[in-house]
Amino acid sequence: MLKQIILQTSPIPSMQDQIHEMIQRKKPIYIFGGLGDMSLGSINAKYLENQGIVIDGFIANQAFIKTSTYMDKPVFAIEDYFIPRDVSIIIGISKWKIAYQELQKFNFQNIFLFDSFSESVLDQISLEYFLGNYNDFIQTYNMLEDVESKESMSAYLQGKIFNNYEALANTYEKFYQGGGGVRHI
C-alpha cells in the first residue's frame with residue numbers, strides 16, 4: 001500500500017526549477033506573507049538574496065501589515081491593487097491553501113511555493129533510493145500503530161521524493177485542524 005501511495009504522487013517542480021522559471025520570466029518577485037523572522041517567507045527571501053536573486057518586496061493582507069518595509073523591502077497591501085498581477089509571487093506562509101486562494105482571489109497568476117530550508121538543508125530522497133530500500137521503509141511503516149502516523153509517513157515521503165507537500169499539509173489539516181492544505185500550480 002505504501003508503494004502504491006508513493007508511486008501515484010504527482011511530481012512538483014523543485015525549488016531550483018521554480019527559481020529558474022521566475023528568473024526566466026524577468027518579472028518582479030514578491031513574497032506573500034511571512035513578515036516574521038522565522039517565517040517561510042523570510043527564510044525564502046534570505047535564501048534567494050544569498051543566491052543573488054532580488055526580491056522586490058512583500059505583499060500581505062492589510063490587517064497583517066505593521067510596517068511599510070520588511071528586510072529593507074517595501075510591504076504592500078494585497079487589497080491596494082498596486083502590484084501588477086503578472087509578477088512572480090512566492091507563498092511565504094505555512095497555510096498554503098489559504099494563501100493560494102487569497103492570491104487567486106486578487107487575480108495573481110504566477111504563484112510559486114517552496115521551502116528553501118527543507119530543500120537546501122534536509123536531504124532529498126530519490127525515488128530510486130525509496131524503491132531500492134523499500135523493505136526498510138515498509139518495515140518502519142508497518143511498525144506504526146495508528147492511521148495518523150502511517151499517513152504522516154507516506155505524506156512526508158511524497159514531499160521528499162516528489163516535492164509535493166499536498167498530502168502532508170492535508171494530513172496536518174485533517175489531524176490537527178490547523179489549516180494548510182496545498183494546491184500546487
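Start with the whole chain: of the contacts with a separation of 6 or more, 65% are between residues 24 or more positions apart, a contact being heavy atoms within 4.5 Å. The protein has nine helices and six strands; these are DSSP runs numbered from the N terminus, helices being H or I with at least four residues and strands E with at least two. Buried residues make up 45% of the 185 residues. Buried here means under 20% relative accessible area, exposed means over 50%, and partly exposed is in between (1.4 Å probe, protein chains only).

Before you click further, this is a predicted model, where local features need pLDDT of at least 70 and side-chain atom pairs count only at pLDDT 80 or more, while totals for chains, interfaces and linings use all residues. Residues are numbered from 1 along each chain as its sequence is written, and side-chain values use heavy atoms, with hydrogens and water left out.

**Stop 1: helix α7**

Select residues 134-143, which make up α7, and colour Tyr134, Phe137, Ile138 and Tyr141: these are buried. Look down the axis of α7 and the buried residues fall within an arc of 95 degrees, so they line one face of the helix; the arc is that of the directions from the helix axis to the C-beta atoms. Now show α1 (2-7), α6 (127-132) and α8 (147-162), because the buried residues of α7 pack against them. Swing round to the other side of α7 and you'll find Asn135 and Met143 exposed.

**Stop 2: Asp86 and its partners**

Next, pick Asp86 and Lys27. They form a salt bridge, with the closest N and O atoms 2.7 Å apart; the term covers a side-chain nitrogen of Lys or Arg within 4 Å of a carboxyl oxygen of Asp or Glu. This pair links distant parts of the chain, 59 residues apart: Asp86 is in the loop between β4 (73-77) and β5 (88-91), and Lys27 in the loop between α2 (15-25) and β1 (29-32). Both ends are partly exposed, Asp86 at a relative accessible area of 29% and Lys27 at 34%.

Keep Asp86 on screen and add Asn110, in strand β6 (residues 110-112). The Asn110 side chain reaches the backbone oxygen of Asp86 at 3.1 Å. Asn110 is buried, with a relative accessible area of 18%. Leaving aside residues up to four places away in sequence, Asn110 touches Arg25, Asp86, Val87, Ser88 and Ile89.

**Stop 3: helix α4**

A search of the whole structure finds two salt bridges. For another one, select Glu102 and Lys105, where the closest N and O atoms are 3.5 Å apart. Glu102 and Lys105 are three residues apart in helix α4 (residues 96-105), so about one helical turn separates them. Check the surface at each end: Glu102 counts as buried at 17% relative accessibility, whereas Lys105 is exposed at 53%.

**Stop 4: the second largest pocket**

Stay with α4, which gives the most to the lining of the second largest pocket, with three residues. About 180 Å³ of space lies in this pocket. To centre your view, select Phe32, Gly33, Asn61, Phe64 and Ile93, the closest to the pocket centre of the 13 lining residues. Then add β2 (57-60): β2 and α4 are the elements that give two or more residues to the lining.

For the pocket itself, on a 1 Å grid over the protein atoms alone, a pocket is an open set of points where a 1.4 Å probe fits, with protein on both sides within 12 Å along at least five of seven lines; lining residues have an atom within 4 Å of a point. The volume is the space filled by probe spheres set on the points.

Notes
A polar contact is a pair of N or O atoms within 3.5 Å; within protein, one must be able to donate a hydrogen and the other to accept it, and residues adjacent in sequence count only if both atoms are side-chain atoms.
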